[in-house]
Amino acid sequence: MNELQLKELSTLLETFSRRYPDRSPDNIKKTLEEALTALSEVKPLTAQDAAEKNSCMLFDTGRFKDIVLAYLIISMRAAHSPQEEAMNLLDTLNQAFDKFTAEEALERYRGSIQQ
């Protein structure tokens with residue numbers, strides 16, 4: 001439900017409350033007011049935010065998993081990482097792919113940079 005629909009629902013609830021004061025849906029109205037307040041506090045997505053969200057959705061399809069693994073393997077070979085360490089890292093990366101969405105991974109990554 002978007003902001004316009006919530007406002008229309010709020011108007012309908014107000015009209016209902018005036019016409020039928022003994023049947024006023026106070027709990028619904030309170031929930032609606034909370035939802036409107038929460039919506040007003042949400043920043044609209046910038047074009048960059050929308051692009052990132054779309055990229056994350058595309059990444060979550062698994063389409064780029066092999067590319068990431070390829071870059072990781074190339075990097076580990078260039079760094080002359082021992083094979084056992086490389087295999088542990090690849091296993092951990094595969095588990096992370098299964099455990100986190102791309103958006104969650106970015107949030108964790110950005111949070112660790114800021115600390």
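Which helices each supply at least two residues of the lining of the largest pocket? In this predicted model, they are helix 3 (47–59), helix 4 (65–78), helix 5 (83–99) and helix 6 (102–114).

**Overall architecture**

The protein contains 6 helices and 0 strands, and its elements follow the pattern α-α-α-α-α-α when read along the sequence. Of its 115 residues, 11% count as buried. The accessible surface amounts to about 9700 Å², and carbon and sulfur atoms account for 55% of that area. Contacts between residues at least 6 apart in sequence include many that span a longer stretch of chain: 52% of them join residues at least 24 apart.

**The largest pocket**

The volume of the largest pocket is about 410 Å³. Its lining consists of 18 residues, and those lying nearest the centre are Phe 59, Ala 96, Phe 97, Phe 100 and Ala 105. Helix 5 contributes 6 residues, the largest share of the lining. Sorted by class, the lining comprises 10 nonpolar, 5 polar and 3 charged residues.

**Salt bridges between helix 3 and helix 6**

The structure holds 2 salt bridges. One of them pairs Glu 52 with Arg 110. Because Glu 52 belongs to helix 3 and Arg 110 to helix 6, this pair ties together parts that are 58 residues apart in sequence. Lys 53 and Glu 103 form a salt bridge as well. This pair also links distant parts of the chain, with Lys 53 in helix 3 and Glu 103 in helix 6, 50 residues apart. The table sets out the distance between the closest N and O atoms for each pair.

| Salt bridge | Closest N and O atoms | Separation in sequence |
|---|---|---|
| Glu 52 – Arg 110 | 2.7 Å | 58 residues |
| Lys 53 – Glu 103 | 3.6 Å | 50 residues |

How accessible are the residues that form these pairs? Glu 52 has a relative accessibility of 31% and therefore counts as partly exposed. Arg 110, at 37%, is likewise partly exposed. In the other pair, Lys 53 has a relative accessible area of 36%, which makes it partly exposed, and Glu 103 falls in the partly exposed class with 33%. These assignments follow from the cut-offs, since a residue is buried under 20% relative accessible area, exposed over 50%, and partly exposed in between.

**Glu 104 and Cys 56**

Glu 104 is also found in helix 6. With a relative accessibility of 35%, Glu 104 counts as partly exposed. Its C-alpha atom is separated by 9.4 Å from that of Cys 56, although the two residues are 48 residues apart along the chain.

**His 80 in the loop between helix 4 and helix 5**

Where is His 80 placed? His 80 sits in the loop between helix 4 and helix 5. The phi angle of His 80 is near 55 degrees, a positive value in a residue other than glycine. Is His 80 buried or exposed? At 69% relative accessibility, His 80 counts as exposed, because the cut-off for that class is over 50%.

Terms used: Residues numbered from 1 in each chain as written. Predicted model: local features only at pLDDT ≥ 70, side-chain atom pairs only at ≥ 80, totals over all residues. Heavy atoms only, no water. 1 Å grid on protein atoms, 1.4 Å probe; cavity = no way out; pocket = protein on both sides within 12 Å on 5 of 7 lines; lining within 4 Å. Points joined across faces, edges and corners; volume = space filled by probe spheres on them. Helix = DSSP H or I, 4+ residues; strand = E, 2+ residues; numbered from the N terminus. Nonpolar A, V, L, I, M, F, W, Y, C, P; charged D, E, K, R; others polar. Buried < 20%, exposed > 50% of the residue type's maximum accessible area, 1.4 Å probe, protein only. Contact = heavy atoms within 4.5 Å. Areas by Shrake-Rupley, 256 points an atom, 1.4 Å probe, with all protein chains shown as cover. Salt bridge = Lys/Arg side-chain N within 4 Å of Asp/Glu carboxyl O.
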